[in-house]
Amino acid sequence: TIMGYSLNDTIVVFDRIREKSGDIKKRSIFEIVNTAINDMLGRTIITSLTTLFVVIVLCLGGGVQEFATVLTIGIGIGTFSSIYVAAPIVCNRMATQLERISAERDERDIKRQNDQTVFQEEA
């Protein structure tokens, strides 16, 4: 249950980042991730608080104190990991991919220039 809650929240973060990544040429990765997290933060807090309220009621009067306690801890860890762990992983991965793409582009441009220089020398 805890892993499912965290996974669902993480998927929401990744989806927001994917939606915002259309502006990758205009904005940095970190700005895109920051905007995505800010957009979904309200939804995440409301969802977490609503679930936490139900779990606290279960803990106080539902007769399943151990399970409710574990869920309470899981909600906190799940929300934290979705925002503070998943987003930096995406930032690092996207930054690495963009650096690789940029290096490949530079390498192609240098090769193309060398090919044109050879062609001009032969002519």
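Accessible areas here come from the Shrake-Rupley method with a 1.4 Å probe. With that in hand, the accessible surface of the protein chain in this predicted model comes to about 8700 Å², and carbon and sulfur atoms hold 61% of that surface.

**Figure 1. The whole chain is built from three helices and zero strands.** Welcome to the overview, a good place to get your bearings before the close-ups. Following the sequence from its start, you meet the pattern α-α-α. The helices are H1 (2–20), H2 (29–61) and H3 (residues 65–122). The protein chain has 123 residues, and 25% of them count as buried. Among contacts with a separation of 6 or more, 68% join residues 24 or more positions apart.

**Figure 2. The largest nonpolar core has 14 residues.** In general, nonpolar side chains of soluble globular proteins tend to be buried together. Which members of this core touch the most other members? They are Ile17, Ile29, Val33, Ile37 and Met94. Helices H1, H2 and H3 each supply at least two residues of the core, and the largest share, six residues, comes from H3. Apart from this core lies another one, made of five residues, including Tyr5, Val55, Ala68 and Ile75.

**Figure 3. Ser48 is a buried residue of helix H2.** Here we look at a polar side chain and its surroundings. Ser48 has a relative accessibility of 8%, so Ser48 falls under the 20% limit for buried residues. Which residues does Ser48 touch, not counting those up to four places away in sequence? The answer is Tyr5, Ile75 and Thr79. Two of these names may look familiar from the previous view: Tyr5 and Ile75 are among the members of the five-residue core.

**Figure 4. Thr44, also in helix H2, is buried.** Is Thr44 buried or exposed? Its relative accessible area is 0%, which means that Thr44 counts as buried. Leaving aside neighbours within four places in sequence, Thr44 is in contact with Asp9, Thr79 and Ile83. Thr79 is worth finding in this view, as Thr79 is touched by Ser48 and is also in contact with Thr44.

**Figure 5. Phe80 and Tyr84 make the one aromatic pair.** A pair of aromatic rings is described by the distance of the centres and the angle of the planes. The count of such pairs comes to one. The ring centres of Phe80 and Tyr84 lie 5.0 Å apart and the planes meet at 35°, so the pair is tilted. An angle under 30 degrees would have counted as stacked, and one over 60 as edge-to-face. Both residues sit in helix H3, and because Phe80 and Tyr84 are four residues apart there, about one helical turn separates them. Phe80 is partly exposed, with a relative accessible area of 48%, whereas Tyr84, at 56%, counts as exposed.

**Figure 6. Glu19 and Arg16 meet in one of two salt bridges.** The side chains of Glu19 and Arg16 are joined at 3.8 Å, N to O. Both residues belong to helix H1, where they are three residues apart, about one turn of the helix. Glu19 is partly exposed at 44% relative accessibility, and Arg16 is partly exposed at 26%.

**Figure 7. Arg100 and Glu104 form a salt bridge in helix H3.** How far apart are the closest N and O atoms of Arg100 and Glu104? The distance is 3.3 Å. Because Arg100 and Glu104 are four residues apart in the helix, about one helical turn separates them. Arg100 has a relative accessibility of 45% and counts as partly exposed; Glu104, with a relative accessible area of 37%, is partly exposed too.

**Figure 8. Six side chains make a nonpolar surface patch of about 530 Å².** Our last stop is on the surface. The patch is made by Phe53, Val54, Val57, Leu58, Val64 and Phe67. Which helix gives the most to the patch? Helix H2 does, with four residues. Val54, one of the patch residues, lies in H2 and is partly exposed, with a relative accessible area of 46%.

Technical notes: Residues numbered from 1 in each chain as written. Predicted model: local features only at pLDDT ≥ 70, side-chain atom pairs only at ≥ 80, totals over all residues. Heavy atoms only, no water. Phe/Tyr/Trp six-rings, centres within 6.5 Å; stacked < 30°, edge-to-face > 60°. Buried < 20%, exposed > 50% of the residue type's maximum accessible area, 1.4 Å probe, protein only. Core = buried A, V, L, I, M, F, W, Y, C linked by side-chain atoms within 4.5 Å. Contact = heavy atoms within 4.5 Å. Salt bridge = Lys/Arg side-chain N within 4 Å of Asp/Glu carboxyl O. Patch = residues over 30% accessible without salt bridge, like charges linked within 9 Å, V, L, I, M, F, W, Y side chains within 5 Å.
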